[in-house]
Amino acid sequence: MNPILPGATIGVLGGGQLGRMLAQVAGRMGYRTVVFSPSSGSPAGQVADLEIVAEYQDGQALASFAERVDVVTIEFENIPIKALEVLESIVPVRPGPRALFTTQNRAREKEFLIANGIPHADSVHLAGPHDLLPALERLGAPAVLKTAGFGYDGKGQLLLRGPDDNDAALAQLRSGAGVLERFVEFRREISVVLARSPSGETRVCPPIENRHRSHILDVSRAPADCSTTAARQALDIADAIADALDAVGVVCVEFFETNTGELLVNEIAPRPHNSGHLTIEACAASQFEQQLRAICGLPLGDFRFLVPAAMANLLGDMWEQGEPDWPALLAGESVALHLYGKEEARPGRKMGHITAVAESPAAAVRAVEAARVAAGGPRAARR
Ligand code: AMP
């Protein structure tokens, strides 16, 4: 297969921040970008050479998009599989429909993990409300109910502590299928981001450590503070997952490291991931550059951490009293600001992030947390 070289055009399905950061790298490396997004002026569309505004079901718009680009990738997981199949008949689509089909639904993702013998949190598929009580009996409380499809950033997640929470769970199940997961007592959460080329070559980034607030990623640090054995194991599992999915592009695997030291896969995303944003400052090739290299069939870049780093998300909550205090934030000298160009700030909405590099991951975390507090953001969490 001939590589897709600078000067070619990258098609991106989805208009969010992941597409924006991919388009920024693509521009630097001499590529053009066309974004396909259901709404105009999207974060990715603002920095792309062209934004096609249409629904993912619009066959004509999809065909016209496909004809303008040399390869298609995704920045958003919930793209209808049919849209990918339409595009695939015209242009290479990476990752392809199969990897996306598996990972865009939690029940299918669990089946995939079981079929491949990959350790994960014990779970039960719930087709409807009638499946809840038997599942709770099997797994016990506390447990976490998650919607099977279209869930992200903790949306559609309910922590079930005991019988008092059952009504809310039953109501959620009336609006769609779900997955009930055993609550995992973990010592830390880590993620592994890797890039995989069309020939199956991979470059795996060492584990990143993640802390969540209300089920949404809050702060990431790298490298993770896990043992060499755990890190090796996580990289091997992530590699095996990308191979089994036959994914081309970037894949992120999120893990729980349990209190007993076991690694359990929590989630798989066949695209760049929020926790990997710090690779922009910490690695020779960021996750977005790796995505570009992988989908274009080019050699993959160096994915090691050249320096410890930390990333903190800027959520819409910070805009409640007006615009955050940017000069105060930037007074943190090592802090790099990334804003996604979203007009409307809503609570929980990812508006941007900041990254700091420092002499240690802990110092980098202190730098991003201090900068965020200075700008009016949430108080630093105690560790
Ligand atoms: P998810 O959207 O599945 O990645 O979940 C978001 C976050 O919620 C995770 O990163 C954990 O912090 C928490 N969480 C989700 N599932 C579980 C579980 N089974 N046990 C404990 N915490 C969980």
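User: I'm new to this structure. What comes after helix α5, and what sign does its phi have?

Analyst: Right after α5 comes G117, with a positive phi near 65°. Keep in mind that this is a predicted model.

User: What makes N105 a cap for α5?

Analyst: A side-chain oxygen of N105 lies 2.9 Å from the backbone nitrogen of A107. The cut-off for a polar contact is 3.5 Å, so a pair at 2.9 Å qualifies. That contact caps the N-terminal end of α5.

User: Which residues of α5 are buried?

Analyst: They are R106, A107, E109, K110, F112 and L113. To earn that label, a residue needs a relative accessible area under 20%. As background on the spacing, an α-helix has 3.6 residues a turn, so residues three or four places apart point the same way.

User: Which elements supply the largest nonpolar core, and which of its residues touch the most other members?

Analyst: The core has 25 residues, and I241, F255, V265 and I268 touch the most other members. Two or more residues come from each of α5 (106-115), β9 (186-196), α8 (228-245), β13 (249-258) and β14 (263-269). Helix α8 gives the most, with nine residues. In soluble globular proteins, nonpolar side chains tend to be buried together.

User: What does F255 touch beyond its neighbours in sequence?

Analyst: Leaving out residues up to four places away, F255 touches R188, E189, I190, V192, A234, I237, A238, L263, L264, V265 and N266. Another core lies apart from the largest one; it has 21 residues, among them I52, I81, V91 and L100.

User: How do you know that E189 and E267 make polar contacts with the ligand?

Analyst: Check the distances against the 3.5 Å cut-off. A ligand oxygen is 2.4 Å from an N or O atom in the side chain of E189, and an oxygen of the ligand is 2.8 Å from such an atom in the side chain of E267. Both values fall within 3.5 Å, so both pairs count as polar contacts. There's a backbone partner too: a ligand nitrogen is 2.9 Å from a polar backbone atom of R182.

User: How much of the ligand does the protein cover?

Analyst: The protein covers 94% of the 480 Å² of accessible area that the ligand has on its own. Elements giving two or more residues to the shell are β6 (143-147), β8 (178-182), β9 and β14.

User: How many residues are in that shell, and what kinds are they?

Analyst: There are 15 around the ligand, with K146, Q157, V184, E189 and H215 the closest. By kind, the shell has five nonpolar, four polar and six charged residues.

User: Why is H215 called partly exposed, and why is S214 called exposed?

Analyst: H215 has 40% relative accessibility, between the 20% and 50% limits, so the label is partly exposed. S214 has 65%, over the 50% limit, so S214 is exposed. Both sit in the loop between β11 (208-213) and β12. Phi is positive for each without either being a glycine: near 50° for S214 and about 70° for H215.

User: Why is N313 called buried?

Analyst: N313 is at 2% relative accessibility, and the limit is under 20%, so N313 counts as buried. This residue lies in strand β15 (residues 309-315). Its side chain reaches the backbone oxygen of L217 at 2.8 Å. Beyond four places in sequence, N313 touches L217, D218, N274, K350, G352, H353 and R372.

User: And what makes Y340 buried?

Analyst: Its relative accessible area is 2%, under the 20% limit, so Y340 is buried. Y340 belongs to the loop between β16 (335-339) and β17 (350-357). Apart from neighbours within four places, Y340 contacts Q17, R20, M21, P43, Q46, H277, K350, M351, G352 and H353.

User: Where are the cis peptide bonds at P142 and P223, and what are their omega values?

Analyst: One joins A141 and P142, with omega about 0°; P142 is in the loop between α6 (132-139) and β6. Another joins A222 and P223, with omega about -5°; P223 is in the loop between β12 (216-222) and α8.

Methods:
Residues numbered from 1 in each chain as written. Predicted model: local features only at pLDDT ≥ 70, side-chain atom pairs only at ≥ 80, totals over all residues. Heavy atoms only, no water. Core = buried A, V, L, I, M, F, W, Y, C linked by side-chain atoms within 4.5 Å. Buried < 20%, exposed > 50% of the residue type's maximum accessible area, 1.4 Å probe, protein only. Helix = DSSP H or I, 4+ residues; strand = E, 2+ residues; numbered from the N terminus. Contact = heavy atoms within 4.5 Å. Polar contact = N/O pair within 3.5 Å; in protein donor to acceptor, adjacent residues only side chain to side chain. Near = heavy atom within 4 Å. Areas by Shrake-Rupley, 256 points an atom, 1.4 Å probe, with all protein chains shown as cover. Nonpolar A, V, L, I, M, F, W, Y, C, P; charged D, E, K, R; others polar.
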